[in-house]
Amino acid sequence: MSWFVVWASIGGLFTAAFLSALTIGPFIVAVPVITTVIVLRVPNASAGRPGLISGASFPLLYVAFLNRHGPGSICNATRLRCHDEWSPWPWLLTGLGVSLTGATIFTWARRER
């Protein structure tokens, strides 16, 4: 199970680097690449590779969290600062679906061994 979490973290880092490719992505892509090379050298670490799929859900779930008060225009108590938020439900459902897909593949792979 711990290798699943490690691979999920790597998947989240790769996804964040890809989504921020036009800004900081080229600078942070080295972190998941180096981590992947290190983890691949550890025996039995490949058992958790379906975690890469689940890790892709981290940015989706983060966007859902940031828009938790949406949809619509959200203001602070003094109404001095307002901003628009999207509906969190599509982000949450997609993130949960991606996360559950990786966990299901991991579970099936463990049963086959």
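This section describes a predicted model, taking its helices, its strand hairpin and its loops in turn.

In helix α3, which spans residues 30-40, the residues Pro32, Thr36 and Val39 are buried. Viewed along the axis of α3, these buried residues fall within an arc of 70°, and they therefore line one face of the helix. The cover over the buried residues of α3 includes α1, formed by residues 2-19, and also α2. On the face of α3 that is turned away from this buried side, the residues Ile34 and Ile38 are exposed.

A nonpolar patch of about 330 Å² lies on the surface and is made by Phe14, Val29, Val33, Val37 and Leu52. One of these contributors, Val29, is located in the loop between α2, which comprises residues 25-28, and α3. The relative accessible area of Val29 is 33%, and this residue is classed as partly exposed because the partly exposed class covers values between the limits of under 20% for buried and over 50% for exposed. The value of 33% for Val29 also satisfies the requirement of over 30% relative accessible area that applies to residues forming a patch.

Beyond α3, the loop that leads to α4, a helix of residues 51-55, contains Asn44. Although Asn44 is not a glycine, its phi is positive, at about 70°. With a relative accessible area of 64%, Asn44 is exposed, since the exposed class begins over 50%.

A further backbone feature is found in the loop between α5, which covers residues 57-66, and β1, where Pro71 is placed. The peptide bond from Gly70 to Pro71 is cis, and its omega is near 5°.

The strands β1, residues 72-75, and β2, residues 82-85, run antiparallel and are joined by 4 bridges. Within this pairing, Ser73 stands opposite Asp84 of β2, while Cys75 has Cys82 of β2 as its bridge partner. The hairpin formed by β1 and β2 has 6 residues between the strands, and in this hairpin Arg79 adopts a positive phi near 60°. Thr78 also belongs to the loop between β1 and β2. The relative accessibility of Thr78 is 53%, and Thr78 is counted as exposed because this value lies over the 50% limit.

After the hairpin, the loop between β2 and α6, a helix of residues 88-112, holds Ser87. Ser87 has a relative accessible area of 23% and is partly exposed, because the buried class requires a value under 20%.

Two C-alpha separations relate this part of the chain to positions further along the sequence. Ser87 and Ala103, which are 16 residues apart along the chain, have C-alpha atoms separated by 26 Å. For Thr78 and Arg110, which are 32 residues apart in sequence, the C-alpha to C-alpha distance is 54 Å.

Technical notes:
Residues numbered from 1 in each chain as written. Predicted model: local features only at pLDDT ≥ 70, side-chain atom pairs only at ≥ 80, totals over all residues. Heavy atoms only, no water. Patch = residues over 30% accessible without salt bridge, like charges linked within 9 Å, V, L, I, M, F, W, Y side chains within 5 Å. Areas by Shrake-Rupley, 256 points an atom, 1.4 Å probe, with all protein chains shown as cover. Salt bridge = Lys/Arg side-chain N within 4 Å of Asp/Glu carboxyl O. Helix = DSSP H or I, 4+ residues; strand = E, 2+ residues; numbered from the N terminus. Buried < 20%, exposed > 50% of the residue type's maximum accessible area, 1.4 Å probe, protein only. Arc of directions from axis to C-beta. Contact = heavy atoms within 4.5 Å. Pairing = 2+ DSSP bridges.
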